[in-house]
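Hi,

Here's the structure I promised to pass along. Have a look when you get a minute, and my notes on what turned up are underneath.

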Amino acid sequence: MDHFQLRAGTLHAEDVPLDTLAAEVGTPAYVYSTATLSRHYGVLREAVDAHPAAFGDALIAFAVKANSNLSVLATLARLGSGADTVSEGEIRRALKAGIPAARIIFSGVGKTDAELAYALDVGVRQINVESPAELDRLIAVAAEKGACPDIAIRVNPKIGAGGHAKITTGGEGDKFGIPADEALALYARAAASPHVTPVGLACHIGSQIIDLTPLEAAFRLLREMTLTLRGQGLSVTRLDLGGGLGVPYSGGAETASVADYAAMAAGVLEGLEVEAAFEPGRLLAANAGVLLARVIQITERADGRRFLVLDAAMNDLVRPAMYDAFHEVKPVTPRDGDLIAYDIVGPVCETGDTFARGRDLPPLQAGDLVVFTGAGAYGAVMSSEYNSRPLVPEVLVDEARWAVVRGRPTYDEMLTRETVAGWL
Ligand SMILES: *Cc1c(COP(=O)(O)O)cnc(C)c1O
């Protein structure tokens, strides 16, 4: 359920007609719905809160990398969300958006010493350590500061899952986390250090996971490891279950429900008396955003092929080019008439800039508006200025009000960020 619906023949974002937004802000542009973000957070919160015995005082920490816009983060902050972050920049964004440090988890395979020091300075809730070498560096940085941060050890469960090889993170050959036996030894080593406090274990096995089976297997491993560590007299009070739950990108896709996911996790954690953390990214943000674009022209070939050439391109939304991802495309003001098969492309000079092939849509004309749905996660955050196309703007809608929450740079702004070397 999202809040992008047709009203009187025109697609709206909540109460705002998208043709009005296009006229005011220009295209391409990302448009986010506050109501959808709130609803998705609320559905997960409710599903988690239905199992207080299993999850304790559970934290929902939005994975900032999915959508790091300050207004999106501030919307989630007001709902009580924490943040899962993977860089100093993301920690800074989360703090600026009003997410307290006590709700910020710092993850990632390659945190620099400077980033670890920053995380200690601001006092994040927990640092998820992903390798023995990182633990050594963290201990050194913490010792220098006289700090003793709470840490979790990220386990590589040798269970990869997800919608595409590039977003599978829990497999044996993937760079993330520490194999279980090594992780147990590392936990004991950390517990012996006066400069870190191991509080728990973490895992995150991939993204766009639509089946609960691999997640359940990973959670069971965390459970076993918790019992093993406790058997050694070590304290384990938190389990970070990561994110990864998939979303329906097209009407028919079967994804596990949030309630089933929470019930499965609760079943696995039952009796452990830990505090659980959840790190959803896509689940909260994907269907809370669309990419609004305009048809530049329709190029017809003699063989009957029709290219729908949009003013949005792979630099604005890279998921189809990078992950072979599917996004539904809808006209903002659908015309009557038989469906027509279009190859949907952008203006960037490579064939990778193809959003879809042979997609059946109502007839379109130059100047018409379309949206890519499900574009609220891993959309704007991955945009670039490839082909010197100014960075795509972002708009947040809340009922009938809206605001440009990241502006489109002018060509001058784009060019003045660079300097011509003094000798030229
Ligand atoms: C990317 C990431 C997430 C969020 O993944 P989604 O599939 O968007 O839910 C959560 N935790 C970590 C450590 C991540 O790297």
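First, a bit of wording: I call a residue near the ligand if one of its heavy atoms lies within 4 Å of it. Also keep in mind that this is a predicted model.

On to the ligand. There are 14 residues around it, and the ones that come nearest are Lys65, Ser207, Glu279, Arg282 and Tyr378. What does that shell look like by class? Three of its residues are nonpolar, six are polar and five are charged.

Some polar contacts to go and look at:

- Tyr378 puts a polar side-chain atom 2.6 Å from an oxygen atom of the ligand.
- Lys65 also has a polar side-chain atom by a ligand oxygen, at 2.7 Å.
- With Gly281 the backbone is involved: one of its polar backbone atoms is 2.9 Å from an oxygen atom of the ligand.

How much of the ligand's accessible area does the protein cover? On its own the ligand has 390 Å², and 95% of that is covered by the protein.

The other thing I looked at is a sheet. It is open, has three strands in the order β1-β2-β3, and the pairing is antiparallel. The edges are β1 (4–7) and β3 (16–17), each of which pairs on one side only. Strand β2 covers residues 10–13 and runs antiparallel to β3, with two bridges joining them. If you want to find one of the bridge pairs, go to Ala13, whose partner in β3 is Val16.

Shout if anything looks odd on your side.

Cheers

Key:
Residues are numbered from 1 along each chain as its sequence is written. This is a predicted model: local features need pLDDT of at least 70, side-chain atom pairs count only at pLDDT 80 or more; totals for chains, interfaces and linings use all residues. Side-chain values use heavy atoms; hydrogens and water are left out. A polar contact is a pair of N or O atoms within 3.5 Å; within protein, one must be able to donate a hydrogen and the other to accept it, and residues adjacent in sequence count only if both atoms are side-chain atoms. Accessible areas come from the Shrake-Rupley method with a 1.4 Å probe; for residues, only the protein chains shown count as cover. Ala, Val, Leu, Ile, Met, Phe, Trp, Tyr, Cys and Pro count as nonpolar, Asp, Glu, Lys and Arg as charged, and the others, Gly among them, as polar. Two strands pair if DSSP finds at least two bridges between them. Helices (H or I, at least four residues) and strands (E, at least two) are DSSP runs, numbered from the N terminus.
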